[in-house]
Amino acid sequence: MPSASSRSLWFSCALLPGGWAERVRLRLEGGAIATVEANADPQAGDERHGPLLPGLPNLHSHAFQRAMAGRAEVRGPGADSFWTWREAMYRFVDRMEPDDVEAVAALAFMEMLEAGFTRVGEFHYLHHAPDGAAYADRGELSHRIAAAAARTGIALTLLPVFYAHSGFGGLPPGPGQRRFVNGLGGFAALLESARRAVAPLEGGVVGIAPHSLRAATAEEIAALLPLAQGGPVHIHVAEQMKEVEDCLAFCGARPVEHLLDIAPVDQGWCLIHATHMTAAETARLAASGAVAGLCPITEANLGDGLFPAPDFLAQGGRFGVGTDSNVLVDAAEELRTLEYGQRLIHRARNVLAAGAGGSTGRALFAGALAGGAQALAAPAAGLSAGAPADLVTLDAAHPALAARAGDALLDGLIFAARGGAVDGVWRAGRKCVTNGVHHERDAIRGAFARTMEKLLA
């Protein structure tokens, strides 16, 4: 990506931490916002743009799964579910070599930027060669993820995944999981390699991710936590009812209840999905300060169920959104699907708005911005002095945005736009999307097409 430079940009309006402001001028220095001035006239040499938003964090992605998007939509001989989809994923991933992983990740990250995501939390569990053998550098595929992030310009929070078992109680892994599995010693070596991969990236962060309570025992999770070195900790939990039933059979407790009992879950944690919770679990998770990582498009695609969002938010719970399987990369649609799912189950409208007169779009965007930044250990989110210059501009002439102002812009973006509303994207002061198109779109798409031709041959 081109280097950032010192310059000033002017915007017709901007969503600042204190609310919407008109005629906003930003001065950028070294990839960060140096000054913010509202009610300002543009000066000679200023770039001039329309409405400005802070870039959103995408707190949960499996980049390699972008290659199988839309390829599991044919009904099998029995009832299809997450578990049958998982078997299809195991078969597909066996074909991918390091070059393939990098090409697919670059496409996913490019699409995220074009959609207005400026940081991704990559929950990375594809570690080994197709036969299950470790690469000479255990973190080879982490380096490929980092290379894709560097090429596209997206900020990366890399979350190497510890995966050791196929079920509760430390059951041995199955053949389809051979590319994911490490012991504690091997994982520590992999994590060190991942840190080397991310070190050159501006704003790069490394955390850890015990895959799930199915794939890591309580003892292993306890041993892993010191390896985080203060970085974020992410874990899948309570995504499917079968997981709940298996956990109850194993220990007599439900997954979220069990995790909160065995681990020091706090603000540094992100619980991915947490779909199936009792009222007591919902209250405990909200009180912990951890972020609920919601992936509404994937959860709908896999038939997971609906998160108890109104109760969780009413108790001060924090959330962010992610693209998970990357079946469709669209920041606005993640937020729209989150709200629409709640409307369907509660048979009401504007379910997640913050009280009477509140904009639903604003509540969704603000929640995902704050929760996502917390979950990914990102620098302070928002458009303020000292923050990274992670900027997203909207096309004010887009039909869903025309003649709108303030929170009505967010409502239009989330509920009425179908692509084309995001105009420009800057990450750490470097512009990587212009007129809705990533600067390397053609080359990245070309590499992806060649990869898919090989994978599907």
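At what angle do the axes of helix 12 and helix 13 cross? In this predicted model, the two axes cross at roughly 80° and come within 7 Å. Two packed helices are described by the angle between their axes and the distance between the axes. Helix 12 covers residues 360–375, and helix 13 covers residues 407–415. With that crossing angle, helix 12 counts as roughly perpendicular to helix 13. On the side of helix 12, the residues that take part in the contact are Thr360, Gly361, Arg362, Leu364 and Phe365. Their counterparts in helix 13 are Asp407, Leu410, Asp411, Ile414 and Phe415.

Helix 12 also contains Ala368. This residue is buried, with a relative accessible area of 0%. Leaving aside residues up to four places away in sequence, Ala368 touches Leu56, Pro57, Phe319, Gly320, Val321 and Leu335. By contrast with these contacts, the C-alpha atoms of Ala368 and Pro175 are separated by 37 Å, with the two positions 193 residues apart along the chain.

One of the residues touched by Ala368 is Val321, which is found in strand 13, residues 318–321. Val321 is likewise buried, and its relative accessible area is 0%. With residues up to four places away in sequence again left out, Val321 touches Pro57, Asn58, Leu59, Phe117, Leu294, Pro296, Glu334, Leu335 and Ala368. Pro57 and Leu335 thus appear among the contacts of Ala368 and among those of Val321. The C-alpha atoms of Val321 and Asn58 are separated by 6.0 Å, although these residues are 263 residues apart along the chain. A further long-range separation concerns Glu245, which lies in helix 6, residues 241–251. Glu245 and Leu52 are 193 residues apart in sequence, and their C-alpha atoms are 46 Å apart in space. Glu245 is partly exposed, at 48% relative accessibility.

Aromatic side chains were examined next. A search of the whole structure finds 12 aromatic pairs. One of them joins Tyr125 and Tyr163 in a tilted arrangement, with 6.3 Å from centre to centre and 40° between the planes. This pair links distant parts of the chain, 38 residues apart. Tyr125 is in the loop between strand 6 (117–124) and helix 3 (140–152), and Tyr163 is in the loop between strand 7 (155–162) and helix 4 (184–198). Both tyrosines, Tyr125 and Tyr163, are buried. Tyr125 also forms an aromatic pair with Phe180. That pair is edge-to-face, with a centre-to-centre distance of 4.8 Å and an angle of 85° between the planes. Phe180 lies in the loop between strand 7 and helix 4, so its pairing with Tyr125 ties together parts that are 55 residues apart in sequence. Phe180 is buried, as is Tyr125. Ring pairs link Phe64, Tyr90, Tyr125, Tyr163 and Phe180 into a cluster. Elsewhere, a charge is placed over an aromatic ring: the charged end of Lys242 sits over the ring of Trp83, 5.2 Å from the ring centre.

The cysteines were considered for cross-links. A disulfide is a covalent bond between the sulfur atoms of two cysteines. The structure holds 0 disulfides. Cys251 is in no disulfide, and the nearest cysteine sulfur, that of Cys247, is 3.9 Å away. That distance is not within 2.5 Å, the cut-off for a disulfide. Cys251 is partly exposed, with a relative accessible area of 33%. For Cys270, the closest cysteine sulfur is in Cys295, at 8.2 Å, which is too far for a bond. Cys270 is buried, with a relative accessible area of 0%.

Backbone angles were also inspected. Most residues other than glycine have a negative phi, and most peptide bonds are trans. His273 has a positive phi of about 80° although it is not a glycine. His273 is found in strand 11, residues 269–273, and is buried, with a relative accessible area of 1%. Asn435, also not a glycine, has a positive phi of about 55°. Asn435 is found in the loop between strand 16 (430–434) and strand 17 (437–438). At 64% relative accessibility, Asn435 counts as exposed, whereas His273 is buried.

Definitions and conventions
Residues are numbered from 1 along each chain as its sequence is written. This is a predicted model: local features need pLDDT of at least 70, side-chain atom pairs count only at pLDDT 80 or more; totals for chains, interfaces and linings use all residues. Side-chain values use heavy atoms; hydrogens and water are left out. Buried means under 20% relative accessible area, exposed over 50%, partly exposed in between (1.4 Å probe, protein chains only). Rings of Phe, Tyr and Trp (its six-membered ring) pair if their centres lie within 6.5 Å; planes under 30 degrees apart count as stacked, over 60 as edge-to-face and the rest as tilted. Helices (H or I, at least four residues) and strands (E, at least two) are DSSP runs, numbered from the N terminus. A charge sits over a ring if NZ of Lys or CZ of Arg is within 6 Å of the ring centre and within 35 degrees of the ring normal. Axes are lines fitted to C-alpha atoms, for helices over the stretch in contact, and angles run from 0 to 180 degrees between N-to-C directions. Angles under 35 degrees count as roughly parallel, over 145 as roughly antiparallel, 65 to 115 as roughly perpendicular and the rest as oblique. Contact means heavy atoms within 4.5 Å.
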